Amino acid sequence: MELYDKILEASEYLKNKLPSHATKAIILGTGLGSLADELTESTSIIYSDIPYFVKNTVDSHDGKLIFGKLNNCPVILLQGRFHYYEGYSMEEVTFPVRVLGQLGIKELIITNASGSLDPEIKTGDVVLVSDHISLFGINPLRGITDQRLGERFPDMTHTYDRTIIQELEKIGESSDINLRKGVYVYVEGPSLETPAEHKLLRLAGADVVGMSTVPEVIVARQCEIKVCVLSCVTNECLSDEGPKETSLEEVIAAANKAAPKLQQLISGLIGAS
Ligand code: HPA
């Protein structure tokens, strides 16, 4: 079956289940699932019930699509995401974004956890991603040309929506959140990077590093969805004291701690328009 037909089938299934239409969606990353508690009038659908969605394998992610209202605005939350390191294909990892596009989503807010490569960016900070680097993995648009999926060679110059970035910066200022801006570099994982790799990534111009998001962003651009990414810094990769070890438990604990800040930013953004 062609990818396009799978997208149609999944989106038709969801259209029949969801109470109304939304134009904004949010992907919640590791340790950041609690935003779902803020929604009113919510309806949840587990991923395994949605045609062609694959099953989550990471314990820290609950795999659910939740439709609800945030500040009275209808939104779709994807609680839990699929990572390439779990063994899925890029098509599987990014399938939910294509379905969102087919459902009429025009604006996508993506959250994730990342390690800091900038000594000025500390654990607990939220980074507003202004650009990305992804040169070492498989591009999610690789495959046969199908114009129904969108542009074959999407331009990536204005990938991170400047209007949304400005709005988030204003919200950050007015709520006293020290929002940083930075470049996110995508690594495949699941092993973390070596100290030499951290140095290389820093030299290449990256401020934070993580194992998700970029495939979703690329597909969202092909689907002509506006994108913004908020990254929650869970560990410092290049500290003055030399290389430091990190673990999934630490990453989840730090993301849980920073989640209220992220919630405030997202809630402000959804409330603003
Ligand atoms: N490296 C890659 N991915 C991550 C990290 C990291 O240090 N922290 C959270 N996600």
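Student: Which atom of the ligand is 2.7 Å from an N or O atom in the side chain of Asn235?

Tutor: A polar contact is a pair of N or O atoms within 3.5 Å. In this predicted model, the atom 2.7 Å from the side chain of Asn235 is a nitrogen atom of the ligand. The protein covers 93% of the 260 Å² of accessible area that the ligand has on its own.

Student: Which polar side-chain atom, and which backbone atom, lies by a nitrogen atom of the ligand?

Tutor: Glu193 has a polar side-chain atom 3.0 Å from a nitrogen atom of the ligand. For Gly115 the backbone takes part: one of its N or O atoms lies 3.3 Å from a ligand nitrogen.

Student: Which residues surround the ligand?

Tutor: To be near the ligand, a residue needs a heavy atom within 4 Å of it. Here the ligand is surrounded by Ala113, Ser114, Gly115, Leu192, Glu193, Val209, Gly210, Met211, Thr234, Asn235 and Cys237. By type, the shell has five nonpolar residues, five polar ones and one charged.

Student: Which strands supply at least two residues of that shell?

Tutor: They are β5 (107-116), β8 (208-210) and β9 (226-236). With three residues, β5 gives the most.

Student: Which pocket does the ligand take?

Tutor: The ligand takes up the space of the largest pocket.

Student: Moving to the whole chain, how many helices and strands are there?

Tutor: The chain has six helices and nine strands. Its radius of gyration is 18 Å, close to the 19 Å given by the globule rule for 273 residues, so the chain is as compact as a globular protein of that length.

Student: What box do the C-alpha atoms fill?

Tutor: Taken along the principal axes, the box is roughly 55 × 40 × 35 Å.

Student: Now the backbone. Is the peptide bond from Gly189 to Pro190 cis or trans?

Tutor: As a general idea, most peptide bonds are trans, and most residues other than glycine have a negative phi. The bond from Gly189 to Pro190 is cis, with omega near 0°. Pro190 lies in the loop that runs between β7 (179-186) and α4 (195-203).

Student: And is phi of Asn72 positive or negative?

Tutor: Phi of Asn72 is positive, near 70°, in a residue other than glycine.

Student: Where is Asn72 found?

Tutor: Look in the loop between β3 (64-70) and β4 (73-79) for Asn72.

Terms used
Residues are numbered from 1 along each chain as its sequence is written. This is a predicted model: local features need pLDDT of at least 70, side-chain atom pairs count only at pLDDT 80 or more; totals for chains, interfaces and linings use all residues. Side-chain values use heavy atoms; hydrogens and water are left out. A polar contact is a pair of N or O atoms within 3.5 Å; within protein, one must be able to donate a hydrogen and the other to accept it, and residues adjacent in sequence count only if both atoms are side-chain atoms. Accessible areas come from the Shrake-Rupley method with a 1.4 Å probe; for residues, only the protein chains shown count as cover. On a 1 Å grid over the protein atoms alone, a cavity is a set of points where a 1.4 Å probe fits but cannot get out, and a pocket is an open set with protein on both sides within 12 Å along at least five of seven lines; lining residues have an atom within 4 Å of a point. A molecule sits in a cavity or pocket if more than half of its atoms lie within 2 Å of its grid points. Helices (H or I, at least four residues) and strands (E, at least two) are DSSP runs, numbered from the N terminus. Ala, Val, Leu, Ile, Met, Phe, Trp, Tyr, Cys and Pro count as nonpolar, Asp, Glu, Lys and Arg as charged, and the others, Gly among them, as polar. The radius of gyration is taken over C-alpha atoms; the globule rule is 2.2 Å times the number of residues to the power 0.38.
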